[in-house]
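Work through the exercises below with the structure in view, and try each task before reading its solution.

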Amino acid sequence: MKVALIGYSASGRSTLYRAAARGLAKGDVTAVPVPDPRFDTIVAQVKPKKQTPATVILSDDVEPVSTTGRAFSLRLIDQAKKADLLLHVVRAFESPTVPYHAEVDPIRDQDTVDVELVLSDLQIVENRLERLLRSTTFKTSGSPDYMENQLFTRIRPDLEGGTPIRSMDLTEDDQTIVRNYQFLTAKPVVIAFNVSEDQAAEPVERLKNRIEALNQNGIPAFAVCATMEEEIAQLDPADQPEFLAALGVSEPASNRVIRAAYDALGLITFFTAGDNDTHAWPLRRGSSALKAAATIHNDIARGFIRAEVVHYQDYANAGSLDAAYSAGKMTLEGKEYTIQDGDLLHIRNKS
């Protein structure tokens, strides 16, 4: 799953990218492990030869939002379309040494980018509706052009009113059409307000109110000091807890960035705990055991017989997978079983 950082120049996008990558950044695209203490616990108990955490792909290769002329260039739109989620980094810090295009105003900047995202999608819809008028089948009920014309005619007024596609009430068929166009406002979004160090723990009231409002509307948003987070990421892992404790926090805020993106993508994690490889697997929330098997390997899915399932809390209470089995905490589930976040799986299959 690819997470693209977007925002104005000098917003701190690249700084937050490097901080969230926790020293792993090699260029502008990096696979970053998803912080998960459950996985750490399983690894510590199993002691596998290899451990593979769940990851998200962070991308810092999107062109900055322009402050002159057209805010979203065609190149920016094309790059952002390739992402599964947009992480909007908004400048909320003052600095005499870091030039900016205007007086710092995070509310204004977030609103401006939100409007540009909607306008980008509205342009696509309007262009497509214009082309559909020249189609010979757009009035033929049930045809692909008819379905597109019906949908785009319906959503155009909402886009004109500033409503993102992700907030619209769309059917499964509608969603299929939307995915074909990679609309930017159909993608989940996370807002990171990049504040100064003295506001990292307690943002100013106006910004705090905006963050609360966004969260209440289902948009993950938080304040983070990217420069401080980058410094933390450069410390030896053994020294980080003491440094964080001095700041009065329990973990780097960069962990929140990754988890917020992971959650906003609608992902959960299931585990396979093997001696050779203990693995954390990302999976769409609501997916079946068969889909989980296919995530591991298509051959395992084709030969699926049953899934041996242990819920994570039962595993943690028992202390090991063997102990959980002995305590009767393993259940046998079929293909349609809905995987729960934290499930430990072993797939029985025809090998």
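**Exercise 1.** In this predicted model, determine how helix H8 and helix H9 are oriented relative to each other: roughly parallel or roughly antiparallel?

*Solution.* Begin with the geometry: helix H8, residues 226-234, and helix H9, residues 240-247, pack at an angle of about 150 degrees, and their axes are 9 Å apart. Next, recall that angles over 145 degrees count as roughly antiparallel. H8 and H9 are therefore roughly antiparallel to each other. As a last step, add the handedness, since the crossing in which H8 passes H9 is right-handed.

**Exercise 2.** Find which residues make the contact between H8 and H9, and sort them by class.

*Solution.* On the side of H8, the contact is made by Met228, Ile232 and Ala233, while H9 contributes Gln240, Phe243, Leu244 and Leu247. Sorted by class, this contact holds 6 nonpolar residues and 1 polar residue, with no charged residues.

**Exercise 3.** Describe the largest pocket, starting from its volume and ending with the classes of its lining residues.

*Solution.* First, the volume: the largest pocket contains about 570 Å³ of space. Second, the lining consists of 22 residues, and those nearest the centre of the pocket are Asp84, Arg179, Ala186, Lys187 and Pro188. Third, look for the element that gives the most to this lining, which is helix H6, residues 172-181, with 3 residues. Finally, the lining residues of the largest pocket divide into 13 nonpolar, 3 polar and 6 charged.

Note on methods:
Residues numbered from 1 in each chain as written. Predicted model: local features only at pLDDT ≥ 70, side-chain atom pairs only at ≥ 80, totals over all residues. Heavy atoms only, no water. 1 Å grid on protein atoms, 1.4 Å probe; cavity = no way out; pocket = protein on both sides within 12 Å on 5 of 7 lines; lining within 4 Å. Points joined across faces, edges and corners; volume = space filled by probe spheres on them. Helix = DSSP H or I, 4+ residues; strand = E, 2+ residues; numbered from the N terminus. Nonpolar A, V, L, I, M, F, W, Y, C, P; charged D, E, K, R; others polar. Axes fitted to C-alpha atoms, helices over the stretch in contact; angles between N-to-C directions. Parallel < 35°, antiparallel > 145°, perpendicular 65-115°, else oblique. Left-handed = near helix turned anticlockwise from the far one by under 90°. Contact = heavy atoms within 4.5 Å.
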